[in-house]
Amino acid sequence: MASASTNDIEFRSVTKNYGVVTAVTDINLTVPKGAFLALLGPSGCGKTTCLRMIGGFEQPSEGTVLIDGREMNGVPAYRRPVNMVFQHYALFPHFNVEQNVAYGLKQMRPKITPHEIDRRVAEALEMVRLGGFAKRHIHEMSGGQQQRVALARAIVNRPSVLLLDEPLAALDKKLRSAMQIELQTLQRELGITFVLVTHDQEEALSMADIVCVMSAGRIRQFGSPQEVYDRPADLFVADFVGKTNRIAAAMEADGTTLRLADGSSIASGKRLASGEVIAALRPEAIHLTRKAAPLGASFKGTVTHRIFLGSSAEYAVSVPGLGDFLITADRRSMNESDLVEPGEEVFLCFDPAAIHVFPASNA
Ligand SMILES: Nc1ncnc2c1ncn2[C@@H]1O[C@H](COP(=O)(O)OP(=O)(O)OP(=O)(O)O)[C@@H](O)[C@H]1O
């Protein structure tokens, strides 16, 4: 059948209440076919509720969820073209790998021939690079391998949407990074829509091509990883997606001059109505030097801490009248002589265009 829509998933004014608790409020979003969407936000913001409404495990209290242009309200989970991978893989421990992956196919109606089941299971195991593991028992597999079995089981019946609920949370950091790349590759190979729930901003930025940042049941920003990181819609997004330095300031009547708490002023790269504002500056947008830079803006401060992180270093610098700043320095772009020490006086140099300004009422 020809598909009805170029969007795989659509939420129209969706609200979900659990008794007196409102989990999500008036959510509107559209996800194009074949996109990799990450629902990103702190615990309790409503990410899993959105995922479960796509999967059919919850129904909206108000509004409509559509998949491939079809309204899904009232359609049970098993009738949706969707599969889900959970954080705890929920594999059958008494089955081997092949039996776990085949399980859902055996339940399908109309029935699939045993030959076709074997073919599809072998194909799914190849896709998750477990070709030689079909006869292994689940307890003989590592955490990462078990997660791949869960993935194979979820893709074997060829859903048009795969839902992933913190699928990598139980893995250690190194394995998680490897699986992030594998998941991204798998999504490209399959060409189907992936929806990932995560509270890990690095995971969302590195894997997804659309990030939906949520807080308290609402969408704060919906856009590409670059947009969300480089042009945060509000202070919540600026703080949650990456780190940021907040500087309290007043915007003057011209809409571009920022008057800072220490009495100094800088030209803001962004215009905003006059009044109390918060200026936000990313730690990597600041360059530490021992001499004031001839161009751009700078503050003078004292290094209080240095944290060595291998490929980068983080500095805490105290600036009189303005507070403490966090600065990240990429070590590849530094000489040994550039490494400043705690106790040293330094200049924090930056391009004013890198400053984002938000109304203080937004904080
Ligand atoms: N079955 C339920 N009954 C009552 N309240 C619920 C239920 N499920 C979720 N909630 C509440 O709805 C809100 C959103 O929960 P949800 O699980 O969607 O958030 P989340 O962003 O996925 O959080 P986490 O990252 O901790 O899983 C929370 O306040 C939560 O306590």
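This is a tour of a predicted model, with selections to make in turn. Residues are numbered from 1 along each chain as its sequence is written. Because the model is predicted, local features need pLDDT of at least 70 and side-chain atom pairs count only at pLDDT 80 or more, while totals for chains, interfaces and linings use all residues.

**The whole chain**

Start with the protein chain. Its C-alpha atoms fill a box of roughly 75 × 50 × 35 Å, taken along the principal axes. The chain has 8 helices and 20 strands; helices (H or I, at least four residues) and strands (E, at least two) are DSSP runs, numbered from the N terminus. Of its 363 residues, 36% count as buried. A residue is buried if 20 or more other C-beta atoms lie within 10 Å of its own, exposed if 12 or fewer, and partly exposed in between, with C-beta atoms placed from the backbone.

Colour 7-237 as domain 1 and 245-362 as domain 2, following the domain assignment. Such bounds come from an automatic or database domain assignment. The C-alpha centres of the two domains lie 39 Å apart.

**Strands S1, S2 and S4**

Select strand S1 (residues 7-18) and S2, which run antiparallel and are joined by 8 bridges. Two strands pair if DSSP finds at least two bridges between them. Val14 has Ile27 in S2 as its bridge partner. S1 and S2 form a hairpin with 2 residues between them, and Gly19 in the turn has a positive phi of about 60°.

Now add strand S4 (residues 62-67), which pairs with S1 in the antiparallel sense over 5 bridges. Here Ile9 stands opposite Ile67 in S4.

**The ligand**

Show the ligand next. Which residues surround the ligand? They are Tyr18, Val21, Ala23, Gly41, Ser43, Gly44, Cys45, Gly46, Lys47, Thr48, Thr49 and His199. A residue counts as near a molecule or strand if its C-beta atom, placed from the backbone, lies within 6 Å of it.

Strand S2 (21-32) and helix H1 (47-55) each supply at least two residues of this shell. The largest share, 3 residues, comes from H1. By class, the shell has 4 nonpolar, 7 polar and 1 charged residues. In this scheme Ala, Val, Leu, Ile, Met, Phe, Trp, Tyr, Cys and Pro count as nonpolar, Asp, Glu, Lys and Arg as charged, and the others, Gly among them, as polar.

**Strand S7 and its neighbours**

Move to strand S7 (residues 161-165). It is largely enclosed by the rest of the structure, because 5 of its 5 residues are buried. Both faces are covered: Val161, Leu163 and Asp165 are buried on one side, and Leu162 and Leu164 on the other.

Select strand S6 (residues 82-85), which pairs with S7 in the parallel sense over 4 bridges. Asn83 has Leu162 as its bridge partner in S7. Strand S8 (residues 193-198) also pairs with S7 in the parallel sense, over 5 bridges, and Val195 in S8 is the bridge partner of Leu163.

**Pro232**

Finish at Pro232, in the loop between helix H7 (225-230) and helix H8 (235-240). Is Pro232 buried or exposed? It counts as buried, because it has 24 C-beta neighbours inside 10 Å.

Leaving aside neighbours within four places in sequence, Pro232 is in contact with Gln221, Val237, Ala238, Val241 and His356. Contact requires that the C-beta atoms of two residues, placed from the backbone, lie within 7 Å. For a distant landmark, select Val75: Pro232 and Val75 are 157 residues apart in sequence and 36 Å apart in space, C-alpha to C-alpha.
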